[in-house]
Structures are given as structure tokens and as C-alpha cells.
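Colleague: I am new to this structure and would like a close look at one part of it. Please take the helix packing and the charged side chains around it, and go through them in order.

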Amino acid sequence: MIHGNGKVQWMFANDNYILDPNYSNKLYASLSLKQPSEISVVHLDIEPHTLPDYAERKAEYLIRLVDIYKEVKNVCNKNGWRLNVSVPLSYPIATYEEIYETVDGVYLMAYEHVDANYLYRKIQPIRDLGQNKTKICLRTADFESISDLREFAKVVKVKLGVNSLVLHDLKGLIQLQNK
């Protein structure tokens, strides 16, 4: 993502970082492709809950995830970058507490649920850990029409008291507008 100031939000989406003891070398190699002054934010989208053995190794994976966030946050601090992360709504509250203590921004992936009351119950305790750090991500594939998405976004924004929502993918938005 490019911000208006020309700086880059560098996004890394690799669920296998959880399993890879050398993930940091790969991540740092990618970061070194840019001049530090060109980057403003590193955004990690690591989703261990998508791995086949997540149920059996959940505790281990969540500890590893937070450790990765802490390590990357140290690199970000040294370079004057912010760290944002994308996370699902299914982690234990203690994991969210550690995440909010570590990172600068949290994108809550509110996918597959178009019931504002359900999202409120799931998101409110997490959002209360850092309202200014929280962004709600909606997925266009969850809506039948662009007007459904707009109406739902209005309700969620008011109900949760968030000042911004994020849409998962541009291609899906274009397809939804063309319906």
C-alpha cells in the first residue's frame, strides 16, 4: 500500500512463518529491498488458525505469533516504522492483550459474519484494549450487494464506535459494484 506521502506500508502475508525458524531472515531480506525512509508501516498478516494442525498446536502457535510480533516490532522501532497486524476474532483475550501491548495497529478480520450484534459481542472486548489501534476489516464476499455492504458498514461503525473500516480486497469490491 502506498500512502499519500509516498511511503509504503509493506505487507507480509505468510502463515508458514509460524513453522519456519528462519522466517526472520526471509522477512528482513524482503524489508532490505526498500530504503528504510520509504517504509512507514510493516503489516503482518500471519494466520496460524488456517494451518491444518492449529487445533492441536493452538497454544504453541499463538505464543510463537506474539513472539514474531515482538521481534518485528523491535526492528520497526529501530527504523522508525509502525507495526500493524491482521488477526481473526477467534483468539483468547489474553493473546489480544499481548498483541495490543506490542503493535501499533490491529486489523480485526470480521469475516463471514454479517450480524452486527454478533460482531459487537466478539469485537467489543478486543476493541476496548485499544480503540485507537483498532480497525475493522470487512470482506466483500460476505455481501450480496454494494448497498448491503454500505448499510452494514454504517451500522458496524456506529455500534462499535470505530472511525474506520477496511475492505478485504479491491477485486471483490469491483465485482460487488458490478452486480
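Modeller: What follows goes from a pair of packed helices to the salt bridges, and then to a charged residue without one. The model is a predicted one.

Start with H2 and helix H3, the latter covering residues 93-102. Their axes lie 10 Å apart and the packing angle is about 5 degrees. Angles under 35 degrees count as roughly parallel, so H2 and H3 are roughly parallel to each other. On the H2 side the contact is made by Leu62, Val66, Tyr69, Lys70 and Lys73, and on the H3 side by Thr95, Glu98, Ile99 and Thr102.

Two of these contact residues also pair by charge: the side chains of Glu98 and Lys70 form a salt bridge, with 3.5 Å from N to O. This salt bridge links distant parts of the chain, since Glu98 belongs to helix H3 and Lys70 to helix H2, 28 residues apart. Glu98 counts as partly exposed because its relative accessibility is 35%. Lys70 is likewise partly exposed, at 36% relative accessibility.

The count of salt bridges comes to seven. Among the others is a pairing of Lys154 with Glu151, at 3.4 Å from N to O. Here both residues sit in helix H5, three residues apart, or about one turn of the helix. Glu151 has a relative accessibility of 45% and therefore counts as partly exposed. Asp53, Arg57 and Glu60 are joined in a network of salt bridges.

Helix H5, residues 146-160, also packs against another helix: its axis and that of helix H4 (residues 116-127) come within 10 Å and cross at roughly 40 degrees. H4 and H5 are therefore oblique to each other, and their crossing is right-handed. H4 contributes Ala116, Asn117, Leu119, Tyr120, Ile123, Gln124 and Arg127 to the contact, while H5 contributes Phe152, Val155, Val156, Lys159 and Leu160.

Last comes Arg139, whose side chain meets that of Asp142 in a salt bridge of 2.6 Å, N to O. Arg139 is partly exposed, its relative accessible area being 22%. Arg139 is also the nearest side chain of opposite charge to Glu47, but it is 8.8 Å away. A salt bridge needs a distance within 4 Å; Glu47 has none, yet is buried. Glu47 is placed in the loop between strand E2 (39-44) and helix H2 (54-79). Leaving aside residues up to four places away in sequence, Glu47 touches Asp15 and Met109.

Notes:
Residues numbered from 1 in each chain as written. Predicted model: local features only at pLDDT ≥ 70, side-chain atom pairs only at ≥ 80, totals over all residues. Heavy atoms only, no water. Helix = DSSP H or I, 4+ residues; strand = E, 2+ residues; numbered from the N terminus. Buried < 20%, exposed > 50% of the residue type's maximum accessible area, 1.4 Å probe, protein only. Lys, Arg positive; Asp, Glu negative; His and termini not counted. Contact = heavy atoms within 4.5 Å. Axes fitted to C-alpha atoms, helices over the stretch in contact; angles between N-to-C directions. Parallel < 35°, antiparallel > 145°, perpendicular 65-115°, else oblique. Left-handed = near helix turned anticlockwise from the far one by under 90°.
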